[in-house]
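User: Please take a close look at one part of this model. Then carry on from there into other parts, step by step.

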Amino acid sequence: MPVPCSARLSSYACSPHRHRNSSHLAFSIPPSDAVDHVNPLIGNGGDSPNGSGGMIPSTAPPFAMTRWVAQTRENYVSVTPYNYTDTRIHGFQGTHQPAIWMGESGQVVIAPGAGAVRTNFEDRGMTFSHDNEVTSASYYSVEMDAIEGGRILAEQSATSRVGHLRFTFIGTGTPYVLVEATRASVLGSSDPNNVTYPEGAILINPTSKEICGKNPERQDFIIEPVSTPARKWSGYFCVRFDEPFSSWGVAQNGTLSEESTSGGGILLSGYARFSRSLRQVTARVGVSFISIEQARRNLGIEIPDDQSLEDTARATRTAWAEKLDRIKIQGATKDQKQVFYTGFFHTLQQYPYEQDEYGTYYSGYDDAVHEGISYTGYSNWDIYRAEWAWLILFAPERVPGMVQSMLQDYQEGGWLPMWKNIVETNIMIATHADSLIAEAALKDVTGFNLETAWEAVRKDATHPPVNDTTTVYDDREESVDYEVRAGLSSVYEERGWVAANIHSEAGSRTLDYSYDDYAVSVLAKALDKPAESAFFLNRSLTNPFTIFNTATGFMEARNSSGEWAGQQVGWTEGDMWAYTFDVVQDIPGLIQRRGGNKSFVEFLDEHFDGGHNDHTNEPSHHIPYLYSLAGAASKSQTRIRQIAAENYNATVNGLSGNEDCGQMSAWYLFSALGFYPVNPVSGEYVVGSPFFDSVTLNFPPSPFSNTTRGTSLHISAPDAPSQPYVRSLHVNGVPVTVPLITHADVSHGGVFKFVMSGVPEKWGSETTIGSK
């Protein structure tokens, strides 16, 4: 029995139209039913880091460089800065932590207080109740109990590079605001006592009412490639207040230096006190990866001195409405709308997120500032599956810059990114930037250099990393260089598989490299390179089955000698069950090896009925759609609905696994529409089971098309909420007889007309129903 919403979430999150007082109506402009159904608390809960969505109720526009969030704990790898179970708020953090299993970088914390200045994290925490908390995509507020008596109301909104905070002091002592530059930085996730102490800087200018500084904390530095250590990197900030300081100072390791205007070192903060009679103060916080002066410029550009918090929140809400209002749903419950629009919100938050600052950006690959567009936060192993396809449809204006940014990473550091968090981190496996670039080219995305793209993906596919035969390249292995396709020369190139006795995750690597080879072949074909296309296509179709054990019917890693390594060896966030289905570029070949359609469907049944499908991790995401490719579409429809119901809901625990930079939500969004990109570089979607009676998609205009207007797609599926089975499908009046549609069918718009049924139908199900 689900717990009532009011017992789990704030009143605003449970009922987006409710506000604690009429002043909050100012933060509901412009009107948007879609934005009102965003619940930023969905996915913050969970019983463990792996059982949590890892999401936070942050405020910022789409793809923002910095997100602002109430700080209830000090974050590090596996810990987010806000957790719904906590009862104290210790400040408000401008975070650059892109996902729960990634580290923080160059954050700044703004902590209001009253009375004695408290600099220590534990000492400055103020109790609060979720009943006095408002969460939304563009505005957050909370009322806290001041430590020495009275209350402090904190409100926040943000632009991409500037946080906008307002503090109201009610019956308190002398108000102050602390600006934390540096803290003890936790390394890794296994031991919170394993810390280092970054050395930052604080500069206070009482005349301009500013506290500025820098924070070089970058928790993932321990796993960066040794050849590009980004030694000069820092997060810079400049905080400007709208009220004069009555006094000020620098705090270091808990010791206050009154009237000091500068400081440097570890455990460093600056603070400003205000008049005892002051009731309200506003702080605008410019952030930069380049310099303090650039942070100050960002502040002036994005939130000038005369801009109110209401104005900032309105602009940010407008940015969200421009995206989320592009999808109109009929036939969804309130909870379903919250799940859907919050998922849409998640896919556009910061995956990847902006790193450039008005024409320039810092590159950690060569420790220099360059001209151009740049993004960071690339979790390519996750997002290549469906998140990237979603961005191509709903953020086409961003995609060329995101691809160009990856090519700049290649030019400045030598390789395309795998998991870029300021610089490369070597997290996860394979070179799925190859897939992102090939999919963009296949779908006619322009605005990046195709020859440079080819050069970069070809290098991924043909150049092994340094010490390839001697370095394991284990997960988060320290003191190694770029991992890229570890095992390419041992022995993937010669014999078709990655050797399990040399490299970790060898079975998964073999299959992922084969898929990436397919992506390389697609790009080569698009660039009219037939010989290269044929070579990589052959490798992509041959190599996966070098680890198919015909005696067991499962994929299994192999050692360099050719012997089987064991069924439990060599997998990445999955097992032999999930990875046996991971040949998305050649499902017909897999079906053949499993004995044909009927046998393959029985194998899928065994997978699901035996409890082997783990939707919390990405390798399982495409599997329910494979029934449709074996002539059992009605079984796909059953499984898709089950997975959606079991893994997504409108509560704080509403994601069964890590959001992983939008991929968990992208699965739900595509599935709710009725199709999913099983093979992202095929240009096709596999049809599933639409969730709602009617959905209208108004795609944004594409910068790489000849029109200034986007197309519209109407998906009609009357009675879909209660009838999950497809009886028929027409695309623009043409009957679809197999459960496949093309990207052009979707992006060019028109009408998808589903006829739904309450019982399994013959459509697409000739292996099961059709044969009876």
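Analyst: The second largest cavity is lined by Y384, R385, D582, V584, E618, H621, H622, Y676, P677, V678 and P680. A cavity here is a set of points on a 1 Å grid over the protein atoms alone, where a 1.4 Å probe fits but cannot get out; a lining residue has an atom within 4 Å of a point. The model is predicted: local features need pLDDT of at least 70, side-chain atom pairs need 80 or more, and totals for chains, interfaces and linings use all residues. Residues are numbered from 1 along each chain as its sequence is written, and side-chain values use heavy atoms, without hydrogens or water.

About 90 Å³ of space lies in this second largest cavity. That volume is the space filled by probe spheres set on the points, which are joined across faces, edges and corners. The lining has six nonpolar, two polar and three charged residues. Ala, Val, Leu, Ile, Met, Phe, Trp, Tyr, Cys and Pro count as nonpolar; Asp, Glu, Lys and Arg count as charged; the others, Gly among them, count as polar.

Now follow Y676. This lining residue pairs with V686, its bridge partner in β31. Strands are DSSP runs of E with at least two residues, and helices are runs of H or I with at least four, numbered from the N terminus. Two strands pair if DSSP finds at least two bridges between them. Two bridges join β30 to β31 (residues 684-687), and these strands run antiparallel. They belong to an open sheet of three strands, in the order β30-β31-β36, with antiparallel pairing. Its edge strands are β30 (675-676) and β36 (740-742), each pairing on one side only.

Another open sheet has six strands. Their order is β20-β32-β33-β37-β34-β35, and the pairing is mixed. At its edges sit β20 (327-330) and β35 (734-735), each paired on one side only. Inside the order, β32 (residues 694-698) and β33 (residues 712-716) run antiparallel, joined by five bridges. One pair of bridge partners is V695 and I715, with I715 in β33.

Back to the cavities. The structure holds six of 30 Å³ or more. The largest has about 100 Å³ of space. It is lined by 16 residues, with G54, M55, P98, A99 and I100 nearest its centre. By class, eight are nonpolar, five polar and three charged.

Next comes strand β3. Five of the five residues of β3 (residues 91-95) are buried, so the strand is largely enclosed by the rest of the structure. Buried means under 20% relative accessible area, with a 1.4 Å probe and protein chains only. Both faces are covered: G91, Q93 and T95 lie on one side, F92 and G94 on the other. In a regular strand, side chains alternate between the two faces of the sheet. β3 pairs antiparallel with β1 (residues 67-71) over five bridges. It also pairs antiparallel with β4 (residues 108-114), over three bridges. Look at G94: it is the bridge partner of W68, and V108 in β4 is its partner too.

Finally, take helix α12 (residues 506-526). Its 21 residues reach 30 Å from first C-alpha to last, close to the expected 30 Å. The expected span is 1.5 Å times one less than the number of residues. The helix is mostly covered, with 19 of its 21 residues buried. Just after α12, D528 takes a positive phi of about 60°.

How values were computed
On a 1 Å grid over the protein atoms alone, a cavity is a set of points where a 1.4 Å probe fits but cannot get out, and a pocket is an open set with protein on both sides within 12 Å along at least five of seven lines; lining residues have an atom within 4 Å of a point. Buried means under 20% relative accessible area, exposed over 50%, partly exposed in between (1.4 Å probe, protein chains only).
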